[in-house]
Each structure stands twice: as structure tokens, then as C-alpha cells.
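Visitor: Please take me through one part of this protein at close range. I would like to start from a single pair of residues and work outwards.

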Amino acid sequence: MKLTSESKSKFLKIKNCNMKKFKIKDLEVEYEVIHRKVKYPRLEVKTGYLYLILPKSYNNHQELLKKHENWIYKKVSLIKNSQKEALNKSLNTERTDEKFKSLISLYVDRISQELNVTVNQIHFRRMKSRWGSCSCQGNINFNLYLKYLPSNLIEYVVFHELAHLVEMGHNKKFWNIISNRFNDYKEKENELLIYYMVLAKEHQFF
Ligand SMILES: [Zn+2]
């Protein structure tokens, strides 16, 4: 499970000194053009900034911005709103690693029975780009940073990973399993994004 769909790429270390601006409706978007050895132009939205990764010979980035205007608007405003909401959230710093791990195993026990799946091994790691991951052998990784989140979101992430033992892909079948159990799953995803912003800020992910 990715932390955000926007952060799927590896974290680029880029200085923000070449930021340009443009406006879409009411939204001011800051962006940077980066020329790289890539075949095709690529757009990445990260912490509210837009990066245009372009092949070395590519020089009409305005056209690219125009073409993807709606996509950019959607992504950037989602992130900016989450960042705004992140200001009203705080992390749970009371929960120890030990308590967190036993909470995870409680949820794993309960949910694996519910979904009738078998979990092989559980591992914990600090990760900057995903809440968890799952292999088809039933091995599951959970992000240790989850310990700072409310327990209902931790439960949701556990359910997400275990649902992958029923359906590997993020397809319609998968989201049906999720929505049968969490009819407010869109809200949960949104909450996760907001908490990601809090974590990113407090633990300096970027
Ligand atoms: Zn997933």
C-alpha cells in the first residue's frame, strides 16, 4: 500500500531554486523543469510541487502543462488541502513499539480469520513511501511509522494488506473487498494522506 499515489516515485533530491509558477483556476502551482536522460516526459507531484521530468531535447513544457491541466489541478489541490488539514492533526507519541506490534498482531489475527487467509511472516520497517506491502507468500511488511496513527487507521492498513492475500492487484475486485468492510474507505485514504503529510513534516521525509 503506497503512502500516496503522488509519492510513488523515489524521492528526488532537488533544490527548489528553479521554481516557476503558473495558475490553474484559483490554484497557483509551483513547478520545476528538470532535464534528464529519459525517453518520455513525466509529471510528478510531490509535497504540493510539480516536477516536469523531461528528455534533454524537450523544450515545449508549456504545452505539456496545458495538456495535463486537469490532472495537475486535481493532484496539487488534493495535496495542498491535505497539508492544510495536517496542521490540525497530531501524532500519537504515546504508543511504544511494543504496543504497536501487539496491536498489529491483534488486527492480523482478527482480519485473517475474517478474510480466511493465512499470514506467514510479519516484518516492521521504517519506510518513507508505503504504509505496508504484501507478498503472495503471505509475508507482510508494515511501516513502523504507523505507530503514530490512530488505531482505526492502523486497522484499515492491516485490512488493506491482508485483502491482498485474496486479491493481489488494486483492481475492482480488490476495492470491493475493501468497501464491503469500510464503506468510508475514501475518507480513510484521505486521512492517511493527511497523516502522511504530518509525518513527512515532523520526520523530514524530504
Ligand atoms: Zn495495496
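Guide: Start with Glu 44, whose bridge partner in β4 is Tyr 51. A second such pair is Val 45 with Leu 50 of β4. The model is predicted: local features need pLDDT of at least 70, side-chain atom pairs count only at pLDDT 80 or more, and totals for chains, interfaces and linings use all residues. Residues are numbered from 1 along each chain as its sequence is written.

The strands come next. Helices (H or I, at least four residues) and strands (E, at least two) are DSSP runs, numbered from the N terminus. β3 and β4 (residues 49–55) pair in the antiparallel sense, over five bridges. Two strands count as paired if DSSP finds at least two bridges between them. β3 and β4 form a hairpin, with two residues between them. Thr 47 sits in that turn, and its phi is positive, about 40°.

β4 also pairs with β2, here in the parallel sense, over six bridges. Ile 34 has Ile 53 as its bridge partner in β4. In general, strands of a sheet pair through backbone hydrogen bonds, either parallel or antiparallel.

Now the whole sheet. It is open, with four strands in the order β1-β2-β4-β3 and mixed pairing. Its edge strands are β1 (20–24) and β3 (42–46), each paired on one side only. On average, neighbouring strands are turned by 35° against each other, direction ignored. Axes here are lines fitted to C-alpha atoms, for helices over the stretch in contact, and angles run from 0 to 180 degrees between N-to-C directions.

Helix α2 (residues 69–86) packs on this sheet. The helix touches β1, β2 (27–36), β3 and β4, and its direction makes about 110° with that of β2. Two residues are in contact if their C-beta atoms, placed from the backbone, lie within 7 Å.

Which residues form the two faces of β4? Leu 50, Leu 52 and Leu 54 make the covered face. Tyr 49, Tyr 51, Ile 53 and Pro 55 make the uncovered one. So Tyr 51, the partner of Glu 44, belongs to the uncovered face, while Leu 50 belongs to the covered one.

Look at α2 itself. The helix has 18 residues and reaches 25 Å from its first C-alpha to its last. That is close to the 26 Å expected at 1.5 Å a residue; the expected span is 1.5 Å times one less than the number of residues. Its buried residues are Ile 72, Lys 75, Val 76, Ile 79 and Ser 82. Buried means that 20 or more other C-beta atoms lie within 10 Å of a residue's own; exposed means 12 or fewer, and partly exposed is in between, with C-beta atoms placed from the backbone. Seen down the axis of α2, the buried residues fall within an arc of 125°, so they line one face of the helix. The arc is that of the directions from the helix axis to the C-beta atoms. On the other side of α2, Asn 70 and Lys 84 are exposed.

What covers the buried residues of α2? The cover includes β1, β2, β3 and β4, along with α6 (185–202).

Finally, the setting. The protein chain has six helices and seven strands. Buried residues make up 24% of its 206 residues.
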